[in-house]
2 protein chains.
Amino acid sequence: MQKFSRAARAAGKTIALVPTMGNLHAGHLSLIKIAKNKCDLVVVSVFVNPAQFGPGEDYKKYPRTLPADFKLLRASGVDIVFCPSARQMYSESFQTSVNIRCLSPRLCGIYRPGHFAGVATVVLKLFNIVNPHVAVFGEKDYQQQLVIKKMVEDLNYDIKILTGKTIREEGGLALSSRNRYLNREEKKAAATIFQTLQLGARLIKRGERRPGVVLQALRSFLRKQSRLKVQYLEILNADDLTVITKLCTRVLIALAVFVGKTRLIDNIVLDIRGG
Amino acid sequence: MQKFSRAARAAGKTIALVPTMGNLHAGHLSLIKIAKNKCDLVVVSVFVNPAQFGPGEDYKKYPRTLPADFKLLRASGVDIVFCPSARQMYSESFQTSVNIRCLSPRLCGIYRPGHFAGVATVVLKLFNIVNPHVAVFGEKDYQQQLVIKKMVEDLNYDIKILTGKTIREEGGLALSSRNRYLNREEKKAAATIFQTLQLGARLIKRGERRPGVVLQALRSFLRKQSRLKVQYLEILNADDLTVITKLCTRVLIALAVFVGKTRLIDNIVLDIRGG
């Protein structure tokens, strides 16, 4: 992979990387489209990264569908699929980790300790292996793309980070490989997640500026759907994930819920500067 | 700096980096010589890195002698001197750090918590800024070069790490920018440091294989020099800094001592495999 990138760069080609854990859906494909529009060559990595799963999480059962992924990737005109094994990525004596101190221990990071260090470390490795000019991440994993952008800035990577909008089913449910864990009833219930975010957006657009009031309304709304168990629901500054007491900036509404045993996340960003 | 390296690489040139904190002496110059022999272009960074100094350490008084350094660097035929400010390297919102879990909390890392994370992070930044093919480190900072080699391996950097032998004064004292803190009496006393290492080497070469016995002899020897206060004296596996109960591999003898208020380190590596 490193040799390929070295030769491509020597030939004046630009390289875009789309890191994935496989089990590709329309969300991933939209990121690949962005990559193709931006660079001469597109590398998609497929790697279910053990370092970003906590104990008791779904590392083992995470869907691995490489043959189907290859079919989609071939159809989408990707140049290289990079799919290393866990042993290739992590030697027995592996001991290095990258931590983004302030952005990591919030939202998902509270409930998944070590998750963002695992993400940052593997993405840094992929950056060094693929040596891309551009890398593309999905906005569904909002905190993740923020962590990666900060890492790139702090560590002087000469890589442009682009993001792709969350792709949703007709009912509003954000596409995720984990949606396949849901049965029919659970899937119906999961539609409430995006409805909650939309309700928050409406309240804020109508002029509500007190985060506590918005959160109260959203919690009441969520409580009506008994199949959902909220892990977190927060309204934060979308730029640095700090707590805000008055809504007057770029605002993130983010939540994680359990639908049965399946944990789903979603978010929405509202820009109400000057509004 | 990044643009320079990109252009140099595009023109087929190889780049070597020698990271320093300035106040250059013959030790640094020997590393530059290695770099010049190996690559077309040599970049020397001069940066007193605040992140690797602990509270109460000598960050503020660390010798900064840029005009003299420039003179030496010009004479030694270096192509680029990269000397960023602390503010350029660390923005106000800087929050990323790189940790090498097992190698860091040993030897110096026990007494300088955070030191090797600070070193690894700044070296990673320099790697991303300078984008070298080769980087050269001194063996006087033995643990440091081991940490960097492990980081390069774990994070898939396509960079060859070379090391240069410790350069010593006639009396055996390892060259160090901190030697200038010593008065005449202290400097005389500091010669005991290398004598201790040499005594250890002699004992092992003569067949002693019990680290405890060697350490005991070295501690007795050091105790005779009342101006030295030992911080640590250890015999470890030179490859991974693990404790060994029988000397039968590559062996590191390393120590840190205070001479007055000045902390000095030194080490020696013996290869007794099959011996």
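**Exercise 1.** Into which domains is chain A divided? Then work out how these domains touch.

*Solution.* Keep in mind that you're looking at a predicted model.

- Step 1: start with the bounds. Chain A splits into domain 1 (2–164) and domain 2 (177–271).
- Step 2: go for the spacing. Taken over C-alpha atoms, the centres of domain 1 of chain A and domain 2 of chain A are 26 Å apart.
- Step 3: see who takes part. Domain 1 of chain A puts 14 residues into the contact, and domain 2 of chain A puts in twelve residues.
- Step 4: find the elements on the domain 1 side. Helix H5 (108–111) and H7 of chain A each give at least two residues to the side that touches domain 2 of chain A.
- Step 5: sort that side of domain 1 of chain A by class. You get nine nonpolar, three polar and two charged residues.

**Exercise 2.** Describe the side of chain A that touches chain B, then look at how the strands there pair.

*Solution.*

- Step 1: get the totals. In the contact, 22 residues of chain A meet 22 residues of chain B.
- Step 2: name the elements. On the chain A side, strand E4 (96–100), helix H6 (115–130) and helix H7 (142–154) each bring at least two residues. E4(A) has the largest share, with five residues.
- Step 3: check the classes. This side of chain A has ten nonpolar, seven polar and five charged residues.
- Step 4: zoom in on the strands. E4(A) pairs with strand E4 (residues 96–100) of chain B in the antiparallel sense, over five bridges.
- Step 5: pick out one pair of residues. Opposite A:Asn99 you'll find B:Ser97, in E4(B).

Technical notes. Residues numbered from 1 in each chain as written. Chains lettered and ligands numbered in written order. Predicted model: local features only at pLDDT ≥ 70, side-chain atom pairs only at ≥ 80, totals over all residues. Contact = placed C-beta atoms within 7 Å. Helix = DSSP H or I, 4+ residues; strand = E, 2+ residues; numbered from the N terminus. Nonpolar A, V, L, I, M, F, W, Y, C, P; charged D, E, K, R; others polar. Pairing = 2+ DSSP bridges. Domains from an automatic or database assignment.
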